[in-house]
Amino acid sequence: MTDLQNREHCPTLDELGAYIRNPLFPKFCGEVMETFSCRAAAEFSACSWEKGWNVKFKKAGRTLCTVYPRENYFTVLLVVGRKEKTPFEEILPGCCPALREIYASTREGNGQRWLMVDLEDGGELYRDVFRFLAIRGAR
């Protein structure tokens, strides 16, 4: 089993998928990379808030989102910055209640909101994550 705290071994996406044990993870990774022509890179974070391995999806040097592996699901960090705020708030009323609640309960700091979205299935929340990524990927 992959040890997310072992800085010495950089896990592959397949190893992270085996850790997560949810078929949505490889689907998500493939869709993000194909849809936004970006790359995925496992990175180790020493941050005390979320220490361990994560996956950053980057396009043109900019992070579209960061994925934190969990057992049976994964968490996607969506950063709503100044540039994304207005277009995101325009689509927010059409988003699922779960994403609207996450947005409403996340405090803004330095002009950003860091939304932590847990994905377990390919339902409405999954669709809405891609709606946000389309905004961020266009910037």
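**Note on the predicted model: loops, core and overall form**

1. Asn-72 counts as partly exposed, because its relative accessibility of 42% falls in between the limits of under 20% for buried and over 50% for exposed. The model under review is a predicted one, and this residue is placed in the loop between β3 and β4 (74-80). Its phi is near 80°, which is a positive value in a residue other than glycine.

2. Ala-60 also deserves a look at its backbone, since phi is near 55° there, again a positive value in a residue other than glycine. The residue belongs to the loop that joins β2 to β3 (62-69), and with a relative accessibility of 83% it counts as exposed, the cut-off for that class being over 50%.

3. Val-55, in strand β2 (residues 52-59), has a relative accessible area of 1% and is therefore buried. Apart from neighbours within four places in sequence, the residues in contact with Val-55 include Leu-13, Leu-16 and Phe-25, together with Ala-40, Ala-41 and Ala-42, and also Cys-65, Thr-66 and Val-67. Ser-37, by contrast, lies 18 residues from Val-55 along the chain, and the C-alpha atoms of the two are separated by 16 Å.

4. Helix α5 (residues 124-137) has 14 residues, which at 1.5 Å a residue should span 20 Å, and the C-alpha atoms at its ends are indeed 20 Å apart, so the two values agree. Ten of these 14 residues are buried, so the helix is largely enclosed by the rest of the structure. Among the buried residues are the aromatic side chains of Tyr-126, Phe-130 and Phe-132, but also Asp-128 and Arg-136.

5. As for the fold as a whole, the secondary structure consists of five helices and five strands, and their order from the N terminus is α-α-β-β-β-β-α-α-β-α. Of the contacts with a separation of 6 or more, 58% are between residues 24 or more positions apart.

6. The overall dimensions fit a compact globule: for 139 residues a radius of gyration near 14 Å would be expected, and the protein has 15 Å, which agrees. Along the principal axes, the C-alpha atoms fill a box of roughly 40 × 30 × 30 Å, and 47% of the 139 residues are buried.

7. Turning to the surface, the accessible area is about 7,400 Å², and carbon and sulfur atoms hold 48% of that area. The protein has 20 positive and 19 negative charges, and the mean positions of the two sets are 8 Å apart.

Conventions
Residues are numbered from 1 along each chain as its sequence is written. This is a predicted model: local features need pLDDT of at least 70, side-chain atom pairs count only at pLDDT 80 or more; totals for chains, interfaces and linings use all residues. Side-chain values use heavy atoms; hydrogens and water are left out. Helices (H or I, at least four residues) and strands (E, at least two) are DSSP runs, numbered from the N terminus. The expected span of a helix is 1.5 Å times one less than its number of residues. Buried means under 20% relative accessible area, exposed over 50%, partly exposed in between (1.4 Å probe, protein chains only). The radius of gyration is taken over C-alpha atoms; the globule rule is 2.2 Å times the number of residues to the power 0.38. Contact means heavy atoms within 4.5 Å. Accessible areas come from the Shrake-Rupley method with a 1.4 Å probe; for residues, only the protein chains shown count as cover. Lys and Arg count as positive and Asp and Glu as negative; His and the chain ends are not counted. The place of a charge is taken as NZ of Lys, CZ of Arg, CG of Asp or CD of Glu.
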